[in-house]
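Colleague: I have a new model open and would like a quick tour. Can we start with the overall picture and then go into details?

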Amino acid sequence: MTSNRSFSNEFWSQRYEQNKTGWDLGEISRPLKAYINQLEDEELKILIPGAGNAYEAEYLFKQGFKNVYVADISNKPLQNLKSRLPNFPEDQLLHINFFEIEDQFDLILEQTFFCALPVNSRKDYAKKTAEILKKDGVLSGLLFSFPLTENGPPFGGSKQEYLTYFSPYFEIEILEDCYNSIKPRQGNELFLKFRKKRI
């Protein structure tokens, strides 16, 4: 699995160095900002996997959420976050393959990480997120809603496909068309809120 280019530090670091980061909005995405704004418990332990430049983490941190962890296979975006936010704790910047994380979290925020994984790793992602969430933990964020093409890494998929991955591990509280996407992504995003099943 780790030999795939989507798990390669070199592949992703090169994208940052060459400024080939078309997924990067340059700011927190509107839907996640709205979701974060309604969170009340600042003690939540939050993970943002494949976080890239981690504008969501920066926003959370500035809103008083200090227990935020950022994971990426490339160290470059982690250092970009640190340069913007020098007081962000070093031990909460995880230069790691997501599938090797062993900690536990209350909330995982999904923002353009799942869509970069090889399709054959999507089921593994669903299982791994459930494993590293605490009891009643939540996975929330965005998934792309358009067909896969050859112009990947993978990117798209369908609501029906996603349900096959996540339903075994999560109660599906929300999986619906996103009403507050930025203009270029309108009609192409699903907002999700899944709660870890009690077993």
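Modeller: One term before the tour: two residues are in contact when they have heavy atoms within 4.5 Å. This is a predicted model. Among contacts between residues at least 6 apart in sequence, 68% join residues at least 24 apart.

Colleague: What share of the chain counts as buried?

Modeller: Of its 199 residues, 53% are buried. The chain exposes about 9900 Å², and carbon and sulfur atoms supply 46% of that area.

Colleague: How many helices and strands are there?

Modeller: The chain has 6 helices and 7 strands. Along the sequence they follow the pattern α-α-β-α-β-α-β-β-α-β-α-β-β.

Colleague: And in what order do the strands sit in the sheet?

Modeller: The order is S3-S2-S1-S4-S5-S7-S6, in an open sheet with mixed pairing. S3 and S6 (170-177) are at the edges with a single partner strand each, so one side of each has no neighbour in the sheet. From one strand to the next, the twist averages 15°.

Colleague: Which helices pack on it?

Modeller: H4 is one of them, touching S2 (68-72) and S3, and its direction makes about 165° with that of S3. H5 also packs on the sheet, where it touches S1, S4, S5, S6 and S7; the angle between the directions of H5 and S5 is about 145°.

Colleague: S5 keeps coming up. Is it mostly covered or mostly open?

Modeller: Mostly covered: S5, residues 133-144, has 9 of its 12 residues buried.

Colleague: Which way does S4 run relative to S5, parallel or antiparallel?

Modeller: S4 (residues 105-110) and S5 run parallel and are joined by 5 bridges. Phe105 stands opposite Leu133 in that pairing. With helix H5 (residues 122-132), S4 and S5 make a right-handed β-α-β unit.

Colleague: And what about S5 and S7?

Modeller: Those two run antiparallel, with 7 bridges between S5 and S7 (residues 189-196). Leu143 of S5 is opposite Leu190 in S7. S7 also pairs with S6 in the antiparallel sense, over 7 bridges, and there Leu190 is the bridge partner of Asp177.

Colleague: Changing topic: which residues have odd backbone angles?

Modeller: Most residues other than glycine have a negative phi. Ala54 has a positive phi of about 55°, and Asp136 has one of about 65°.

Colleague: Where are they?

Modeller: Ala54 is in the loop between S1 (46-48) and H3 (55-62), whereas Asp136 is in strand S5.

Colleague: Buried or exposed, for Ala54 and Asp136?

Modeller: The cut-off for buried is under 20% relative accessible area. Ala54 is at 1%, so it counts as buried. Asp136 is partly exposed at 27%.

Colleague: I also clicked on Gln92. What does it contact beyond its sequence neighbours?

Modeller: Leaving aside residues within four places in sequence, Gln92 contacts Lys66, Asn67, Val68, Tyr69 and Val70. Gln92 lies in the loop between H4 (75-84) and S3 (93-95). Its relative accessible area is 9%, so Gln92 is buried.

Colleague: Last one, for the gel: how many disulfides?

Modeller: The count comes to 0, taking a disulfide as cysteine sulfur atoms within 2.5 Å.

Colleague: And how covered are Cys115 and Cys178?

Modeller: Cys115 is buried, with a relative accessible area of 8%. Cys178 is at 11% and counts as buried too.

Note on methods
Residues numbered from 1 in each chain as written. Predicted model: local features only at pLDDT ≥ 70, side-chain atom pairs only at ≥ 80, totals over all residues. Heavy atoms only, no water. Buried < 20%, exposed > 50% of the residue type's maximum accessible area, 1.4 Å probe, protein only. Helix = DSSP H or I, 4+ residues; strand = E, 2+ residues; numbered from the N terminus. Pairing = 2+ DSSP bridges. Right-handed = clockwise from strand over helix to strand, strands pointing away. Areas by Shrake-Rupley, 256 points an atom, 1.4 Å probe, with all protein chains shown as cover. Axes fitted to C-alpha atoms, helices over the stretch in contact; angles between N-to-C directions.
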